[in-house]
Amino acid sequence: MNVSNGKGLWQSTMCARPIAPAFVGVGGESPASAMNTALASYNQYVRQMQDYLACLSREARADAEAANAVISASAQRQMQAGQAEMARVKNQLFGPGKP
């Protein structure tokens, strides 16, 4: 994922977009066998595209969950470090165990 100035771009690394079939010269005047072949090709493409869209959804959800976990863990570490720093400075000022 790339983020810059509040704008980002996520791109799949696991899902392969299917290649759409090209229907050149197929239309209402085509023989039934050509139309049947074209329709079978289209139906296969639709199934592949549905699988691709489902793959994108799964991958995006998993990436979002992983990114959230990384952000939460990093924020927690930084907060703990800040609290430790405050305690260290307080100990320098008042000595250990003082309010």
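Buried means under 20% relative accessible area, exposed over 50%, and partly exposed in between (1.4 Å probe, protein chains only). The model is predicted: local features need pLDDT of at least 70, side-chain atom pairs count only at pLDDT 80 or more, and totals for chains, interfaces and linings use all residues. Residues are numbered from 1 along each chain as its sequence is written, and side-chain values use heavy atoms, without hydrogens and water.

**Exercise 1. Describe the charge environment of E59.**

Step 1. Place the residue. E59 lies in helix α1. Helices are DSSP runs of H or I with at least four residues; strands are runs of E with at least two; both are numbered from the N terminus.

Step 2. Check burial. E59 is buried. Also buried in α1 are A38, Y45, M49, Y52, C55 and L56.

Step 3. Look for a partner. A salt bridge needs a side-chain nitrogen of Lys or Arg within 4 Å of a carboxyl oxygen of Asp or Glu. E59 has none. The nearest side chain of opposite charge is R58, 8.6 Å away. Here Lys and Arg count as positive, Asp and Glu as negative; His and the chain ends are not counted.

Step 4. List the neighbours. Leaving out residues up to four places away in sequence, E59 touches W10, S12, T13, M14 and C15. Contact means heavy atoms within 4.5 Å.

**Exercise 2. Find the salt bridge and characterise its two residues.**

Step 1. Count. The structure holds 1 salt bridge.

Step 2. Identify. The side chains of E85 and R88 meet at 2.6 Å, N to O.

Step 3. Explain the spacing. The two residues are about one helical turn apart, because E85 and R88 sit 3 residues from each other in α1. An α-helix has 3.6 residues a turn, so residues three or four places apart point the same way.

Step 4. Check accessibility. E85 is partly exposed, at 39% relative accessibility. R88 is partly exposed too, at 40%.

**Exercise 3. Assess the span of α1 and the overall form of the chain.**

Step 1. Take the helix. Helix α1 covers residues 32-94, 63 in number. From first C-alpha to last it reaches 92 Å, close to the expected 93 Å. The expected span is 1.5 Å times one less than the number of residues.

Step 2. Find its end. Just after α1, G95 takes a positive phi of about 95 degrees.

Step 3. Read the order. The chain follows the pattern β-β-α.

Step 4. Compare with a globule. The radius of gyration is 28 Å, well over the 13 Å that the globule rule gives for 99 residues, so the chain is more spread out than a compact globule. The radius is taken over C-alpha atoms; the rule is 2.2 Å times the number of residues to the power 0.38.
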